[in-house]
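Trainee: Please give me a close look at the side-chain contacts in this model, and at what surrounds them. I would like the cut-offs along with the contacts.

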Amino acid sequence: MSSLEITLNEFVIKIPLCQADVSWEELFALLDSSPNGIIAIVDPHLCPLGILESHKILAKIARNNLAPTILAERSPKSFSRTLPLTNILVPQITTLSSRIKLQDLLSLLKNQESLLSEKNYLIVNENNQVQGILDIPKLLKYMAAGNTTIDPQFDRQSL
């Protein structure tokens with residue numbers, strides 16, 4: 001297999017998954033266990049609904065003065081009842097198949113410039129179940145090690 005034939009499955013960071021009815025306590029525990037402060041919100045079939053990012057949750061708690069409410073609850077309610085999920089969920093995140101080859105990802109990014117501005121990409125398996133997020137630093141390290149050649153037309157500045 002050539003180095004451009006490697007799939008995105010080799011560049012996945014596992015992140016915690018949960019459904020929208022998770023309690024505040026469970027949510028904070030998941031965020032604490034996440035390597036990068038990101039949690040995927042999934043439906044009962046593990047298909048992605050979006051992601052939650054810890055910095056956005058903290059900002060919403062501060063803006064809405066929710067800390068006293070959260071701290072006062074003896075048995076925390078679902079966070080989505082206290083703070084609507086639509087306020088903090090990043091639903092527009094791009095999902096990419098774990099089977100996509102590196103060469104195809106580079107072509108996709110080259111031809112769809114809007115994707116270049118995204119911070120994270122969810123990686124899903126063939127059943128559209130969340131596997132994690134794309135480990136961009138690992139992918140770049142792989143490329144920098146000479147494991148691939150980049151099309152001269154590919155705009156490195158936009159990365």
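Mentor: Let's start with E5, which is partly exposed at a relative accessible area of 25%. On this scale, buried means under 20% relative accessible area, exposed means over 50%, and partly exposed lies in between, using a 1.4 Å probe and protein chains only. Keep in mind that this is a predicted model, so local features need pLDDT of at least 70 and side-chain atom pairs count only at pLDDT 80 or more, while totals for chains, interfaces and linings use all residues. Residues are numbered from 1 along each chain as its sequence is written, and side-chain values use heavy atoms, leaving out hydrogens and water.

The partner of E5 is K101: their side chains meet in a salt bridge, with 3.0 Å from N to O. K101 sits in the loop between β5 (94-97) and α6 (102-111) and E5 in the segment before β1 (12-13), so the pair ties together parts that are 96 residues apart in sequence. Like E5, K101 is partly exposed, here with a relative accessible area of 30%. A salt bridge here is a side-chain nitrogen of Lys or Arg within 4 Å of a carboxyl oxygen of Asp or Glu; helices (H or I, at least four residues) and strands (E, at least two) are DSSP runs, numbered from the N terminus.

The structure holds three salt bridges. Another one joins R99 to E126, whose closest N and O atoms are 3.7 Å apart. R99 is in the loop between β5 and α6, and E126 is in the loop between β6 (121-124) and β7 (130-134), so this pair ties together parts that are 27 residues apart in sequence. Both R99 and E126 are exposed. K56 and E53 form a further salt bridge, at 3.5 Å between the closest N and O atoms. Its two ends sit in contrasting surroundings: K56 is partly exposed at 34%, whereas E53 is buried at 8%.

The loops just described flank strands of a sheet, so to speak of the sheet itself: four strands form an open sheet in the order β1-β7-β6-β5, with mixed pairing. Its edge strands, β1 and β5, each pair on one side only. Two strands pair if DSSP finds at least two bridges between them; β5 and β6 run parallel and are joined by four bridges. S97 stands opposite V124 in β6.

Now for the rings. A search of the whole structure finds one aromatic pair. The ring centres of F11 and Y142 are 5.4 Å apart and their planes are at 70°, so the pair is edge-to-face. F11 belongs to the segment before β1 and Y142 to helix α7 (residues 136-147), so to speak of distance along the chain, they are 131 residues apart. The cut-offs: rings of Phe, Tyr and Trp (its six-membered ring) pair if their centres lie within 6.5 Å, and planes under 30 degrees apart count as stacked, over 60 as edge-to-face and the rest as tilted. Both rings are buried, F11 at 3% and Y142 at 18%.

Last, the nonpolar cores, each a set of buried Ala, Val, Leu, Ile, Met, Phe, Trp, Tyr and Cys residues joined through side-chain atoms within 4.5 Å. The largest has 16 residues, of which L8, L102, L105, L134 and L139 touch the most other members. Two or more residues come from each of α6, β6 and α7, with α6 giving the largest share, four residues. Apart from this core lies another, of ten residues, including C18, V22, L31 and I39.
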